Amino acid sequence: MPRTLRFMLASLLMAGAASVRPSTRLLASEGGDGGVKDSPPHATLKPASAPSPDLPFLEYDAPAEQLLLELANQARAEVGAPRLMLDAGLAQAARTHAQAMVASGQLAHQFAGEASLSQRLASSTHTQLDQEGENVALDFDPAQAHLHLMLSPPHRANLLNADYNVAGMAVARAGNRLYVVQDFGHALPSYSVTEVKETIAAAVARARNQADQPPLLRRELASADPAACSMAQADRLGTSPIHQLVQRYTLLTYTSLHPESLPENAGRTLASHNLRSFSVGACYARTETYPTGVYWVVLALE
């Protein structure tokens, strides 16, 4: 097969808990809008479809990884997208997955027994993410790998996604081949629980003002934070402490990555002229449902 036809690509786009199935295509992946058609989860390399002495894992190529990041940022600058900042955790996750591809002799976003992309990133970085994406590729040269990725619509979409602001690049050498992994994410500001509660309180004040209702008195409710943490520990909104609070208060319970925004159903509840005060409880946790972390919130109204 001619050298120019021997690179392979696969891309994965994710947002929150919603994922797009991995796509693997020779030469190019389909789905320029981020959607991906059904396809085999793995692209097997030929002639080596499994580890073999002629394709030893040599090392990670740090200069090639840096070049991929620089080329990505050059391309992003041309379309007005913000620069990607290197995240050490994402880089480690990318390298680990690149080595897994070398070991299997395949391109894939998830191998049997391997954690999902969200879980891999969550276990590798303390950065809170609300969007993730991944490109994987096989090539012979980092600059050519970037060119081929840019020629494929779904990979280009990942590289130029203006929502992403952090990335980790990995290049693992096996013989004369480069296994490339590009992990992307949208990193959120880091808030303390106190800052989250203050931000939610400000959102409540805005909602009352928009409803032409007087401000609510903010009260401290000792059981609010423990109730929020009970939801985090159970990884669900309905817990015994919540059921106890709802006997006395009008309660809004929800998860959020953006404490400045209240849930959609909060506006009508907060517009009630019968309300006089409110309390906020919050707890941050990473759970099976939210592997990269989320704020669990209790808003008690009376």
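The disulfide between C229 and C283 is right-handed, with 100 degrees about the S-S bond. Keep in mind that this is a predicted model, and that goes for the sulfur geometry too. The two sulfur atoms of C229 and C283 sit 2.2 Å apart, which is within the 2.5 Å cut-off, so the pair counts as a disulfide. If you go hunting for others, the tally for the whole structure is 1 disulfide.

What does this link hold together? C229 belongs to helix α7 (residues 224-234) and C283 to strand β13, so the bond ties parts that are 54 residues apart in sequence. As for solvent, C229 comes out partly exposed at 23% relative accessible area, while C283 is buried at 10%. The line between those two classes is drawn at 20%, so the cysteines land on opposite sides of it.

Now for the rings. A pair of aromatic rings is described by the distance of the centres and the angle of the planes. The count for this model is 4 aromatic pairs, and two of them are worth a walk-through.

Start with Y164 and F184: their ring centres are 5.5 Å apart and the planes meet at 10 degrees, so this pair is stacked. Y164 is in the loop between α5 (153-160) and β9 (166-174), whereas F184 is in strand β10 (residues 177-187), so the contact bridges parts 20 residues apart in sequence. Both partners are tucked away: Y164 is buried at 1% relative accessible area, and F184 is buried at 0%.

Then there's Y284 with Y295. Here the centres are 5.4 Å apart, but the planes are at 55 degrees, so the pair is tilted. Stacked would need an angle under 30 degrees and edge-to-face one over 60, so 55 degrees falls into the remaining class. This pair also connects distant parts of the chain, with Y284 in strand β13 (residues 277-285) and Y295 in strand β14 (residues 294-301), 11 residues apart. Y284 is partly exposed at 32% relative accessibility, while Y295 is buried at 3%.

Which residues do ring pairs link into a cluster with Y284? They are Y191 and Y295.

Here are the two ring pairs again:

| Pair | Centre distance | Plane angle | Class |
|---|---|---|---|
| Y164 and F184 | 5.5 Å | 10 degrees | stacked |
| Y284 and Y295 | 5.4 Å | 55 degrees | tilted |

One last thing to look at in the viewer is strand β13: it carries C283 of the disulfide and also Y284 of the tilted pair.

Notes: Residues numbered from 1 in each chain as written. Predicted model: local features only at pLDDT ≥ 70, side-chain atom pairs only at ≥ 80, totals over all residues. Heavy atoms only, no water. Phe/Tyr/Trp six-rings, centres within 6.5 Å; stacked < 30°, edge-to-face > 60°. Helix = DSSP H or I, 4+ residues; strand = E, 2+ residues; numbered from the N terminus. Buried < 20%, exposed > 50% of the residue type's maximum accessible area, 1.4 Å probe, protein only.
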